[in-house]
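Please open the model in your viewer, with a cartoon for the backbone and sticks ready for side chains. The tour goes from the whole chain to single residues, and each stop says what to select.

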Amino acid sequence: VGSDVPSQRILASQERQEQASVDTSLHLALRYINGFRDGISFWRRGPYLIAFYPIAVREKADARTAMTQMLQEVCHRIELEYAPYTGSAGISRTAESLERFRQAYDEAKQSCEVARALAGEKTSSVMHYDDLGLLRLTRVSEASTGIREYCVDMLSPLLEHDRHSCAQLLRTLRAFLDANQN
């Protein structure tokens with residue numbers, strides 16, 4: 001059985017549908033983020049929605065936690081409202097000046113790519129640049145499959161062990177790495 005619709009028309013239709021899904025997801029993200037706080041500026045670059053989140057001096061200490069929680073909530077809402085589509089987010093280090101803005105953009109984009117690669121297609125994920133560790137040294141867009149496979153290969157035995165015992169080896173490894181292997 002074959003299709004009566006020429007293949008290029010099917011492809012064009014699928015591309016339009018995929019683009020509409022990206023547009024809807026980004027629109028939902030913008031709407032939800034706006035609901036959390038005033039004064040955030042947005043622009044879109046390809047499949048990314050970039051949010052400039054100004055931080056007052058008195059907020060600086062809690063900004064990372066607040067942004068992470070906000071973006072986790074935004075991604076969760078998108079997932080609930082627009083399944084099977086999900087959203088992932090990356091957070092840069094604070095840009096103290098406009099001169100560092102491009103670097104902050106690159107950090108956030110890399111964090112988002114790593115978050116997406118580690119989450120796979122199962123769920124949304126949010127990652128801060130400071131949490132990338134050695135993954136800062138690679139461009140995920142060039143090697144996301146390899147990074148994912150490496151992480152799965154390395155962590156699967158720990159996950160399997162934790163599934164069958166109460167040892168929590170993955171949590172212990174995370175604490176060890178967070179403490180500079182001390």
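What follows is a sequence of selections, each with a description of what is found there.

**The whole chain**

Begin with everything selected, and keep in mind that this is a predicted model. The chain holds five helices and four strands, and reading along the sequence gives the order α-β-β-α-β-α-β-α-α. If you colour by accessibility, buried residues amount to 27% of the 182 residues, while the exposed area of the chain comes to about 12,500 Å², of which carbon and sulfur atoms supply 53%. Among the contacts with a separation of 6 or more, 47% are between residues 24 or more positions apart.

**The hairpin, E1 and E2**

Select residues 41-45 and 48-52 next; these are strands E1 and E2, which run antiparallel and are joined by five bridges. The two strands form a hairpin with two residues between them, and in that turn Gly46 has a positive phi of about 60°. At the end of E1, look across from Arg45 to find Tyr48 of E2 standing opposite.

Now show the side chain of Arg44, which belongs to strand E1. Is Arg44 exposed, partly exposed or buried? Its relative accessibility is 39%, so Arg44 counts as partly exposed. Setting aside neighbours within four places in sequence, the residues in contact with Arg44 are Gln19, Val22, Asp23, Leu26 and Ile50. If you place a distance label between the C-alpha atoms of Arg44 and Leu26, it should read 8.5 Å, for two residues that are 18 apart along the chain.

**An aromatic pair**

Keep E2 in view and add Phe52 and Phe101. A search of the whole structure finds one aromatic pair, and these two residues form it: the ring centres are 5.6 Å apart and the planes lie at 65°, so the pair is edge-to-face, the class for planes over 60 degrees apart. Because Phe52 lies in strand E2 and Phe101 in helix H3, the pair ties together parts that are 49 residues apart in sequence. Both rings belong to partly exposed residues, since the relative accessibility is 34% for Phe52 and 25% for Phe101.

**Along helix H3**

From Phe101, extend the selection over residues 101-119, which make up helix H3. At 1.5 Å a residue, its 19 residues should span 27 Å, and the end C-alpha atoms are indeed 27 Å apart, so the two values agree. The buried residues of H3 include alanines such as Ala104, Ala108, Ala115 and Ala117, and also Glu107, Gln110 and Glu113. Tyr105, Ser111, Cys112 and Val114 are also among the buried residues of this helix.

**Helix H2 and a charge over a ring**

Move to residues 60-82, where helix H2 has 23 residues and reaches 33 Å from first C-alpha to last, close to the 33 Å expected at 1.5 Å a residue. Which residues of H2 are buried? They are Ala63, Met67, Thr68, Met70, Leu71, Val74, Cys75 and Ile78. In general, an α-helix has 3.6 residues a turn, so residues three or four places apart point the same way. Then select Arg77 together with Tyr32: Arg77 lies over the face of the Tyr32 ring, at 5.1 Å from the ring centre.

**From the loop to the parallel strands**

Follow the chain into the loop between H2 and strand E3, where Pro84 is found. With a relative accessibility of 71%, Pro84 counts as exposed, and its C-alpha is separated by 9.1 Å from that of Thr123, 39 residues apart along the chain.

Next, show the side chains of E3, which alternate: Ala89 and Ile91 point to one face and are buried, whereas Ser88 and Gly90 point to the other and are not. Add residues 125-128, strand E4, which runs parallel to E3 and is joined to it by four bridges. Within this pairing, Ser88 has Ser125 as its bridge partner in E4.

**A last stop in H4**

Finish at Val152, in helix H4, which covers residues 140-164. Val152 counts as partly exposed because its relative accessibility is 38%. A distance label from its C-alpha to that of Leu118, 34 residues apart along the chain, should read 8.8 Å.

Conventions. Residues numbered from 1 in each chain as written. Predicted model: local features only at pLDDT ≥ 70, side-chain atom pairs only at ≥ 80, totals over all residues. Heavy atoms only, no water. Pairing = 2+ DSSP bridges. Expected span 1.5 Å × (residues − 1). Buried < 20%, exposed > 50% of the residue type's maximum accessible area, 1.4 Å probe, protein only. Contact = heavy atoms within 4.5 Å. Areas by Shrake-Rupley, 256 points an atom, 1.4 Å probe, with all protein chains shown as cover. Phe/Tyr/Trp six-rings, centres within 6.5 Å; stacked < 30°, edge-to-face > 60°. Lys NZ or Arg CZ within 6 Å of the ring centre and 35° of its normal.
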